[in-house]
Amino acid sequence: MRGLSALPRLRRFGRTLARARLTRRGTSLLVAGAVLVATGVTLGLPDVVGLGAAAVLAVVAAWCWMTARRIDRGRRALGVARRVQPNPAVAGQVTTARLTVSAARRSVTTAGTLARLRISEQAAHELCDQGSLRAQVATRPDHIAVRYRLRPMRRGRWSLGPLLTTRVDTFGLVSATQELGEATSVAVWPRTVDLPVRGTRAFGEQERSTSGARLASSDDSVLRDYVAGDDPRRVHWASAARHGQLMVRSDESASLPPVTVIFDRGLLPHPDLGRSSGHALADGEWSVECAASVGVSLLHAGHPVRLVATSLAPVVDTSGFTANRSGEGPADLLDATVDLHGHHGLSDTDRAAAATAEALRTARRPGEITVAVLGPLGPVARSTVASIAGDALHWAFVVRPRTWSSQRTEAQDTVDALRATGWHVALVDAGTPLENAWTLLMDGVR
């Protein structure tokens with residue numbers, strides 16, 4: 001790699017580069033050769049013509065060689081290994097990418113090939129929070145190691161690579177650019193907020209404690225910090241005296257009701273409908289973060305959770321709940337949000353919400369709790385969603401968009417229809433801090 005003191009820039013994905021082009025030296029030699037040929041022909045000087053033709057042929061030969069030669073094939077082929085940690089990444093948080101360029105078989109020419117190689121990484125602009133990034137490069141005789149940081153700006157699945165390589169022939173006449181290696185797909189999870197679930201009046205926690213349904217022996221419990229609203233009978237006084245703060249027993253074996261988190265994909269723009277406005281995109285991503293935060297927080301609290309996104313052909317069964325509170329459990333919920341996108345139009349949005357509500361009605365578990373993140377719904381959709389309310393708890397955030405005054409009216413109509421059938425509903429503006437939105441929903445039942 002030439003110029004090791006200068007760190008290579010990481011360029012945005014999608015830039016089109018020519019396969020081969022003349023360097024300044026090559027251009028100068030070609031022009032000089034053409035001038036000599038013309039001068040020799042004009043003056044009748046064969047030696048001058050031969051000298052000019054040799055210069056032109058040298059440039060043409062270098063062009064053909066650099067065009068035909070591929071550095072990813074043959075005995076001296078180069079390969080790329082790329083690793084991103086953590087992957088999946090989290091929107092707004094730094095993730096580190098490392099790549100290594102090395103030869104499949106080391107030879108005496110490997111060091112020379114790598115010395116003349118310039119590399120630049122391609123990255124989707126959603127993975128970068130600034131126009132260009134700089135990398136840390138470590139070079140060895142048999143490989144080049146590059147390390148750089150990314151800060152994904154948005155949830156989704158984005159491309160990193162292939163690597164762009166630029167090399168120059170031995171005489172510096174022609175440079176050739178070639179993609180090397182495969183692209184790496186980087187999954188980006190939405191940001192989540194740890195919402196206070198334990199000890200609130202939500203999910204019947206206080207009623208179950210009062211009735212004694214949550215009582216168990218000390219062998220069947222673990223300890224956690226006391227939260228306002230916990231049953232005082234569950235305080236473990238010995239541990240409280242030892243730690244200097246109130247501790248309560250939290251039963252591992254006590255069965256908490258399952259929770260279904262419904263996400264209305266109508267809150268998201270569809271990728272095929274062109275570039276969305278900044279407000280619409282931000283409102284949709286806030287809604288995904290809201291649904292993900294609710295699901296992960298309830299899972300950490302011990303509830304089996306499933307995330308159901310509205311669909312025109314929903315497939316919902318009673319075995320889709322995640323119960324693992326650590327490791328794969330939250331990861332499974334967040335994985336389900338990575339590829340979410342909106343419907344094609346308002347009609348599809350309403351039909352999908354109605355179809356999903358009907359599917360959930362037939363796949364409910366006894367005592368199942370529902371938490372929905374909904375956008376403004378049409379008359380049929382809001383009636384169908386409202387009708388799934390039963391004896392269990394049903395909660396909903398209705399997200400009021402920052403644009404389209406007609407949808408703001410429909411948002412209020414959706415709130416009224418849900419409340420009429422027993423839903424606990426909070427009308428929230430997109431962009432509201434999630435802790436505040438959650439508190440608003442919880443305060444609605446006090």
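Four strands line up as an open sheet in the order E3-E5-E10-E9, and their pairing is antiparallel. At the edges of this sheet stand E3 and strand E9 (136–140), each of which pairs on one side only. Please keep in mind as you look around that this is a predicted model. The protein averages a pLDDT of 82, and two stretches described under confidence below have values under 50.

**The sheet E3-E5-E10-E9**

- Ignoring direction, neighbouring strands in this sheet are turned by 15° against each other on average.
- To follow one pairing by eye, start with E9 and strand E10 (residues 143–150), which run antiparallel to each other and are linked over five bridges.
- A handy landmark in this pairing is Arg140, which stands opposite His143 in E10.

**Two cis peptide bonds after strand E3**

- Strand E3 covers 78–85 and strand E4 covers 89–90, and the loop between them holds Pro86.
- The bond that joins Gln85 to Pro86 is a cis peptide bond, with an omega of about -5°.
- Pro88 also has its place in the loop between E3 and E4.
- Here the peptide bond running from Asn87 to Pro88 is cis, and its omega is near 15°.

**The sheet E2-E13-E12-E6**

- Another open sheet of four strands follows the order E2-E13-E12-E6, again with antiparallel pairing.
- Strand E2 (20–22) and strand E6 (117–120) are at its edges with a single partner strand each, so one side of each has no neighbour in the sheet.
- On average, neighbouring strands here are turned by 25° against each other, with direction ignored.
- E2 pairs with strand E13 (residues 174–180) in the antiparallel sense, over three bridges.
- Within E13, Ser175 is the residue that stands opposite Arg21.

**Helices H1 and H2**

- Helix H1 spans residues 24–43 and helix H2 spans residues 46–68; their axes come within 7 Å and cross at roughly 150°.
- H1 is therefore roughly antiparallel to H2.
- Seen as a crossing, the H1 and H2 pair is left-handed.
- From H1, the contact is made by Gly26, Leu29, Leu30, Gly33, Ala34, Leu36, Val37, Gly40 and Val41.
- H2 brings Val48, Val49, Leu51, Gly52, Ala53, Ala55, Val56 and Val59 to this contact.
- By class, the residues where H1 meets H2 divide into 13 nonpolar and four polar, with no charged residue.

**Helices H6 and H7**

- Helix H6 (residues 278–300) packs with helix H7 (residues 328–338) at an angle of about 165°, and the axes are 10 Å apart.
- This angle is why H6 counts as roughly antiparallel to H7.
- The crossing of these two helices, H6 and H7, is right-handed.
- On the H6 side, the contact is made by Val288, Ala292, Gly295, Val296, Leu299 and His300.
- On the H7 side, Gly329, Pro330, Leu333, Leu334 and Thr337 take part.
- The contact of H6 with H7 has seven nonpolar and four polar residues, and no charged ones.

**Helices H8 and H9**

- The axes of helix H8 (residues 346–362) and helix H9 (residues 379–386) come within 8 Å, crossing at roughly 15°.
- H8 and H9 are therefore roughly parallel to each other.
- H8 passes H9 in a crossing that is left-handed.
- Asp350, Ala353, Ala354, Ala357, Glu358 and Arg361 of H8 make the contact together with Ala381, Thr384 and Val385 of H9.
- This contact of H8 with H9 includes three charged residues, alongside five nonpolar and one polar.

**How confident the model is**

- Of the residues in the protein, 83% score a pLDDT of at least 70.
- Over residues 1–17 the pLDDT stays under 50, and the model has 48 contacts beyond four places in sequence for this stretch.
- Residues 204–221 also have a pLDDT below 50, with 34 contacts in the model beyond near neighbours in sequence.
- Where pLDDT is low, the predicted coordinates should not be read in detail.

Technical notes. Residues are numbered from 1 along each chain as its sequence is written. This is a predicted model: local features need pLDDT of at least 70, side-chain atom pairs count only at pLDDT 80 or more; totals for chains, interfaces and linings use all residues. Side-chain values use heavy atoms; hydrogens and water are left out. pLDDT is the predictor's confidence in each residue, from 0 to 100. Contact means heavy atoms within 4.5 Å. Axes are lines fitted to C-alpha atoms, for helices over the stretch in contact, and angles run from 0 to 180 degrees between N-to-C directions. Angles under 35 degrees count as roughly parallel, over 145 as roughly antiparallel, 65 to 115 as roughly perpendicular and the rest as oblique. A crossing is left-handed if the near helix is turned anticlockwise from the far one by less than a right angle, and right-handed if clockwise. Ala, Val, Leu, Ile, Met, Phe, Trp, Tyr, Cys and Pro count as nonpolar, Asp, Glu, Lys and Arg as charged, and the others, Gly among them, as polar. Two strands pair if DSSP finds at least two bridges between them.
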